[in-house]
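This report covers one strand and its neighbours, then the surroundings of the ligand.

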Amino acid sequence: MDLTFFNEQIKKYERRIRAIEASPSSAFLKTNVELYRMELENLDRTLEAWKSGRPFAIMPGMEIFARIMGFYPWNYIAAGDRVTDPSRYLDAAIKAGYSDHSCDRTLTALGLLLRGEMPPPRLVVSMRFACEPERLTTVAAAKHSDALYYAIDNPLGWTYEALKYVTEQLWEIIGLAEKTIPGIQYDEDLLLEILHWTDESKKLVRQNYEMRKNVPCPIGPKDAFRLDYVRGSKRGVEHYERRLAEITERAEKGVGAIKEERLRVAWMATGPYSRDTFKILEEMGVSVPWFHYGGAASMYSVVPYGENEKRYGRKLKPMEKVAALAHFSGWAQTADYWIDPLITVCRELKIDAVVDFLQPGCVVTKGLKKIISTRVKNELGIPVLDLEGRQFFNSPAAQAEMNRRLAEFLELCIQNKEAGHPAALPEV
Ligand code: SF4
């Protein structure tokens, strides 16, 4: 057990709390302090679970499912996003024989596991969807931990038949885990409790979306990339109520998170994670009312995608609701499930331009680029920037070039908008 990652995370959140308390900034929400305290408590709880030998499970996007069986859910890919020294983990993955031509977050997650800095899972579940690197990194995690591995066959189309098929597989996983892993037992009461808080939380997340329609946008670029997870606990929902109250107060007073909003951008599909990039957005007056990632459309109930009854044409049973959480990802479907909500959001949130950010190895976004830019330009008449960069492993020269292209594009969009020609398309 190597506690480097946990200790670094604890120091990071403590430092952020101190920084916000010492000099509050409108670029961040004040409720971030409470969010960071919850992260610290979560790190403590996870460490305790690891030390006491509780069985961990990795199942991206299906943490609820792990909890109702008695596993401690570990958000494997998200941990890869948070590392403070990425090259340490890339080296570990390369040394174990993996290629660096995958997207950065899938390699850092694997490196964490290989170095013994994250709790090894007893169960790993992944499913068929367009992000092959994420699926393959979970396969590798299962292999190196000797864990029980189950691949969900997730059919195309948000139909009830497809959902029923996924639900049957969830019951099969429960049966296998109860039979082979000591201490595992499905708990229906816990499922009903979690679903109750999840439904409450979804209503709040939708209200957050409504607030983003305000000009100027009450949420700053960095907070826009902080995902508004649907929270399956009373504590999480209460925190989210306070967060929403802060955003609503800003919106009602007409206060934006950045000084003077000059442009509104939708950003796809991974965050840029570079301090310089955020500085460009903030200094140029560019807000990011929308971050378009795999589960975003469903998370914010961008109609009709997030609403189970509309989507499947009937009320769902509790386990079917869990299956719907797994089944909803825009990554798990055809291109229109990814692009239709983007078009809706751009109209509703008054988006001026789209930044399509691509990481090498991200087969999903690569295959969609042409379709996205054609549809956005034809249906909305707004420009799309095809921006390439890495999440962590950019050289300083490549990072500077990426930021130069971004700043040039944003400047052209701002000039066109201020000249009264927002639909004019810069050559990019
Ligand atoms: S969708 Fe792209 S960026 Fe996200 S995990 Fe998959 S390959 Fe990486």
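Which residue of β8 stands opposite leucine 358? Glutamate 388 does.

The model is predicted; local features need pLDDT of at least 70 and side-chain atom pairs count only at pLDDT 80 or more, while totals for chains, interfaces and linings use all residues. Residues are numbered from 1 along each chain as its sequence is written.

Strands (E, at least two residues) and helices (H or I, at least four) are DSSP runs, numbered from the N terminus. Strands pair if DSSP finds at least two bridges between them. The partners of β7 (residues 353-358) are listed here.

| Partner of β7 | Bridges | Direction |
|---|---|---|
| β5 (residues 263-268) | four | parallel |
| β8 (residues 384-388) | five | parallel |

On the β5 side, valine 265 stands opposite alanine 353. With helix α17 (residues 363-380), β7 and β8 form a right-handed β-α-β unit: seen with the strands pointing away from the viewer, the path from the first strand over the helix to the second runs clockwise.

Six of the six residues of β7 are buried, so the strand is largely enclosed by the rest of the structure. Buried means that 20 or more other C-beta atoms, placed from the backbone, lie within 10 Å of the residue's own. In a regular strand, side chains alternate between the two faces of the sheet. Ala353, Val355 and Phe357 point one way, and Val354, Asp356 and Leu358 the other.

The shell around the ligand (C-beta atom within 6 Å) includes Cys103, Arg105, Gln359 and Thr365. Helices α6 (104-114), α7 (132-145) and α17 each supply at least two of the shell residues. Domain 1 (4-186) and domain 2 (190-293 + 352-424) both contribute, so the ligand lies between them.

Terms used:
A residue is buried if 20 or more other C-beta atoms lie within 10 Å of its own, exposed if 12 or fewer, and partly exposed in between; C-beta atoms are placed from the backbone. Domain bounds come from an automatic or database domain assignment.
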